[in-house]
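The following exercises concern one protein model. Please study its sequence and structure before reading the worked solutions.

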Amino acid sequence: MTNVIIQGGGEHARVVLDCLQAQGLQVKALFDPNYSGDLWGVPQRGVYDPSFMPDARALIAIGNNGVRKRVAAITRHGYTNAVHPSVIASPRASWGEGNMILHGVIIQAQARIGNHCILNTGVRVDHDCIIDDYVHIAPGTVLCGTVTVGEGTFIGAGAVVIPGRKIGAWATIGAGAVVTRDVPDYAVAVGNPARVIKYTNVA
Ligand SMILES: CC(=O)SCCNC(=O)CCNC(=O)[C@H](O)C(C)(C)COP(=O)(O)OP(=O)(O)OC[C@H]1O[C@@H](n2cnc3c(N)ncnc32)[C@H](O)[C@@H]1OP(=O)(O)O
């Protein structure tokens, strides 16, 4: 039986805990300096302790992509994936480690997903999409076939990206956007069709 620890104790961590418990995994601790006590039978232990159950596998359940990357740099445990039992994934799709593939996600053939990504509730990633590390795709978003998404990008809830478009690294796509053109690194794009309204440095 795999023992799991969670880095993070906020709202997203609760959803990930729900996912891991649905998988039947033994979650032994949540680490987050802002939380203590007990969450659904799991102790919240405050500051991360790299010596706690060193053979346990970790997940960094923090929704912010930049923070998730920084916490990964100090996490000493190996990683697992959270994949809810309701996920439909082609056997020809693949992903790395530390990913949170949540309730109702669908991943089509030959889609490739990196590490430490969040595919939130009901996301659809169609065939041949390539998603780099530390991406967060919010609930209900649809990536059509052959879309690529660069490291650290956040795609808001209910967005649609039409086939073949390339979204750069550390970009932000607004909720409900329809992405019809490529989006550069660090751009914030909103609306239908999505237009770049500004650039940020969110990494
Ligand atoms: C389980 C979960 O909940 S996971 C989390 C899911 N969360 C989301 O999906 C949130 C997505 N976030 C957004 O859509 C945000 O509005 C962002 C990130 C795109 C922009 O946020 P900010 O940088 O704070 O931009 P701000 O609110 O100042 O808006 C800037 C302009 O863009 C417009 N705008 C902002 N978001 C959108 C949007 N989604 N669609 C269309 N227009 C938008 C604003 O109306 C504003 O226009 P104005 O200048 O004419 O007044």
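**Exercise 1.** Determine the strand order of the open sheet and the sense of its pairing.

*Solution.* The open sheet consists of five strands in the order E9-E12-E15-E18-E21, with parallel pairing. At its edges are strand E9 (94-95) and strand E21 (166-167), each of which pairs on one side only. Here strands (E, at least two residues) and helices (H or I, at least four) are DSSP runs numbered from the N terminus, and two strands pair if DSSP finds at least two bridges between them. Within this sheet, strand E15 (residues 130-131) runs parallel to strand E18 (residues 148-149), and two bridges join them. Ile 130 is placed opposite Thr 148 of E18.

Two remarks on the source apply throughout. The model is predicted: local features need pLDDT of at least 70 and side-chain atom pairs count only at pLDDT 80 or more, while totals for chains, interfaces and linings use all residues. Residues are numbered from 1 along each chain as its sequence is written.

**Exercise 2.** Describe how strands E3 and E4 pair, and identify the residue with a positive phi in their hairpin.

*Solution.* Strand E3 (residues 36-39) pairs with strand E4 (residues 42-45) in the antiparallel sense, over four bridges. Asp 38 faces Pro 43 in E4. Two residues lie between the strands of this hairpin, and Trp 40 adopts a positive phi near 50°.

**Exercise 3.** Establish whether Gly 63 is buried or exposed, or partly exposed.

*Solution.* UniProt, in an unreviewed entry, gives Gly 63 the feature "binding site"; such positions follow the numbering used here, feature names are shortened, and annotations may be inferred rather than shown by experiment. Gly 63 belongs to the loop between strand E5 (57-60) and helix H2 (65-74). A residue is buried if 20 or more other C-beta atoms, placed from the backbone, lie within 10 Å of its own, exposed if 12 or fewer do, and partly exposed in between. Because Gly 63 has 19 other C-beta atoms within 10 Å, the residue is partly exposed.

**Exercise 4.** Carry out the analysis for His 136, and state its contacts.

*Solution.* His 136 is also listed by UniProt under "binding site" (unreviewed entry), and the residue lies in strand E16 (residues 136-137). His 136 is buried because 25 C-beta neighbours lie inside 10 Å. Apart from neighbours within four places in sequence, His 136 contacts Gly 63, Asn 65, Ile 118 and Phe 154, a contact requiring C-beta atoms, placed from the backbone, within 7 Å.

Key:
Two residues are in contact if their C-beta atoms, placed from the backbone, lie within 7 Å.
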